[in-house]
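Me: Please examine the structure shown below. I would like to go through its architecture by question and answer.

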Amino acid sequence: MKDSEEFYKKLKVQLADTALWPTAYLYKFIVPTNTSKIAQIETIFDNLGAVINTKQSKNGKYTSVSINVRMKNPDEVILKYKEVAIKVEGVISL
């Protein structure tokens with residue numbers, strides 16, 4: 001857990017330094033191919049005007065989910081990463 005907190009701290013600094021907020025942000029997640037897991041991610045970004053694209057891996061075991069959405073600030077970006085990590089079992093955030 002300590003490692004993930006460190007990761008989020010670094011990400012926040014990086015986001016604050018590299019973008020003018022609010023801005024469009026691209027999230028990328030990998031999940032085991034399962035319609036309910038993909039739907040869970042889509043629900044987390046519901047009502048935000050997000051553009052969501054999914055693509056299955058060659059063998060179909062995994063699905064990448066890309067979400068392009070306008071976010072207000074780095075804290076908001078990190079909150080969504082944390083929400084996905086908590087709610088979607090087996091997700092990998094890229």
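Me: In this predicted model, over how many bridges do E1 and E3 pair?
Reply: The pairing of E1 with E3 is antiparallel. Within the two strands, Leu26 is found opposite Asn68 of E3. The number of bridges between E1 and E3 is 10.

Me: In what order do the 4 strands of the open sheet lie, and which are the edge strands?
Reply: The sheet is open and its pairing is antiparallel. Its strand order is E2-E3-E1-E4. An edge strand pairs on one side only, and this applies to strand E2 (51-56) and strand E4 (92-93).

Me: Which residue in the turn of the hairpin formed by E2 and E3 has a positive phi?
Reply: E2 and E3 run antiparallel and are joined by 6 bridges, with Asn53 partnered by Ser66 in E3. The hairpin leaves 5 residues between the two strands. The phi of about 80° in this turn belongs to Gly60.

Me: Which strands does H3 lie across, and at what angle does H3 run to E1?
Reply: H2 packs on the sheet through E1, E2 and E3, and its direction makes about 160° with that of E1. H3 lies across E1, E3 and E4. The angle of H3 to E1 is about 10°.

Me: Are H2 and H3 roughly parallel or roughly antiparallel to each other?
Reply: The two helices pack with their axes 10 Å apart, at an angle of about 150°. Angles over 145 degrees count as roughly antiparallel. H2 and H3 are therefore roughly antiparallel.

Me: Is the crossing of H2 and H3 left-handed or right-handed, and which residues in H3 meet those of H2?
Reply: H2 passes H3 in a right-handed crossing. From H2, the residues involved are Gln40, Ile41 and Ile44. Their counterparts in H3 are Lys80, Glu83, Val84 and Lys87.

Me: Which residues touch the most other members of the largest nonpolar core?
Reply: This core has 21 residues. At least two of them come from each of helix H1 (2-18), strand E1 (23-32), helix H2 (35-44), strand E3 (62-71) and helix H3 (74-87). The residues that touch the most other members are Tyr27, Phe29, Ile41 and Phe45.

Me: Leaving aside neighbours within four places in sequence, with which residues is Phe45 in contact?
Reply: Phe45 is one of the core residues that touch the most other members. Two others of that group, Tyr27 and Phe29, are also among its contacts. The full set for Phe45 is Tyr27, Phe29, Ala50, Ile52, Ile67, Val69, Lys80 and Val84.

Notes
Residues are numbered from 1 along each chain as its sequence is written. This is a predicted model: local features need pLDDT of at least 70, side-chain atom pairs count only at pLDDT 80 or more; totals for chains, interfaces and linings use all residues. Side-chain values use heavy atoms; hydrogens and water are left out. A nonpolar core is a set of buried Ala, Val, Leu, Ile, Met, Phe, Trp, Tyr and Cys residues joined through side-chain atoms within 4.5 Å. Buried means under 20% relative accessible area, exposed over 50%, partly exposed in between (1.4 Å probe, protein chains only). Contact means heavy atoms within 4.5 Å. Two strands pair if DSSP finds at least two bridges between them. Axes are lines fitted to C-alpha atoms, for helices over the stretch in contact, and angles run from 0 to 180 degrees between N-to-C directions. Angles under 35 degrees count as roughly parallel, over 145 as roughly antiparallel, 65 to 115 as roughly perpendicular and the rest as oblique. A crossing is left-handed if the near helix is turned anticlockwise from the far one by less than a right angle, and right-handed if clockwise.
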